[in-house]
Amino acid sequence: MKISKALLETILPIMIVTFIVIAYFFINQFLFTETNIACETYQLSNSAYLIYTLILIVSCSFYQILVGNFILKQCKNNFAMLLVNSLSFTLFFSVILILINLFQRKIEWDFFLIFFLIFFIYGLLLTIVIKLWRKII
């Protein structure tokens, strides 16, 4: 019972949002790239998109089940809990990325700021969709 509830209430909304976000980049790459400058374009393969999607779904689901549900159950102020959950989501993935880059000894701090902002928006989107999904079901 708990597994189906976790699948239905947490993982399914994460899958829907992740597929929409990855589909945007997939469609944007194939429809709006200029073919005249072939040496300067970098196109990801379909398998790379599927791997990124799978990694995002698994890692976001792992975070949401372990940490996010605990934060969202603290219903004192919904807006504050949305922001706290998104901020902790962003910090969780930023720390993982920083640790990976420390082991590779390549640190580009400008990239981390952009990554932080993108994942904050992505975490906010995931949190809002999960809250709405739970109200619908």
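**View 1. Thr 18 and the backbone of Ile 14 in a predicted model.** In this predicted model, look first at the side chain of Thr 18: one of its polar atoms sits 2.7 Å from the backbone oxygen of Ile 14. Thr 18 belongs to helix α1. Is Thr 18 buried or exposed? With a relative accessible area of 0%, Thr 18 falls under the 20% cut-off, so it counts as buried.

**View 2. Who touches Thr 18 from elsewhere in the sequence.** Set aside the neighbours within four places in sequence, and Thr 18 turns out to be in contact with Thr 53, Leu 56, Ile 57 and Tyr 122. One of these partners, Leu 56, shows up again in the next view, as one of the residues nearest the centre of the largest pocket.

**View 3. The largest pocket and its lining.** Here's the largest pocket, with a volume of about 860 Å³. Its lining is made up of 21 residues, and the ones nearest the centre are Tyr 52, Leu 56, Phe 115, Ile 118 and Phe 119. Which helices should you follow around it? At least two lining residues come from each of α1 (2-31), α2 (46-72), α3 (78-104) and α4 (109-136). Helix α4 gives the largest share, 8 residues. As for the kinds of residue, the lining has 20 nonpolar and 1 polar, with no charged ones.

**View 4. The second largest pocket.** This one has a volume of about 270 Å³. It is lined by 10 residues, and Lys 5, Glu 9, Asn 69, Lys 73 and Arg 134 are the closest to its centre. Two elements, α1 and α2, each give two or more residues to this lining. The largest share, 5 residues, comes from α1. What does the lining look like by class? Count 3 nonpolar, 2 polar and 5 charged residues.

**View 5. The salt bridge between Glu 9 and Arg 134.** How many salt bridges does a search of the whole structure find? Just 1, and here it is: Glu 9 pairs with Arg 134, their closest N and O atoms being 4.0 Å apart. The two residues come from distant parts of the chain, with Glu 9 in helix α1 and Arg 134 in helix α4, 125 residues apart. Glu 9 has a relative accessible area of 22%, so it's partly exposed. Arg 134 is partly exposed too, at 27%. You've already met both residues in the previous view, among those closest to the centre of the second largest pocket.

Definitions and conventions
Residues numbered from 1 in each chain as written. Predicted model: local features only at pLDDT ≥ 70, side-chain atom pairs only at ≥ 80, totals over all residues. Heavy atoms only, no water. 1 Å grid on protein atoms, 1.4 Å probe; cavity = no way out; pocket = protein on both sides within 12 Å on 5 of 7 lines; lining within 4 Å. Points joined across faces, edges and corners; volume = space filled by probe spheres on them. Helix = DSSP H or I, 4+ residues; strand = E, 2+ residues; numbered from the N terminus. Nonpolar A, V, L, I, M, F, W, Y, C, P; charged D, E, K, R; others polar. Salt bridge = Lys/Arg side-chain N within 4 Å of Asp/Glu carboxyl O. Buried < 20%, exposed > 50% of the residue type's maximum accessible area, 1.4 Å probe, protein only. Polar contact = N/O pair within 3.5 Å; in protein donor to acceptor, adjacent residues only side chain to side chain. Contact = heavy atoms within 4.5 Å.
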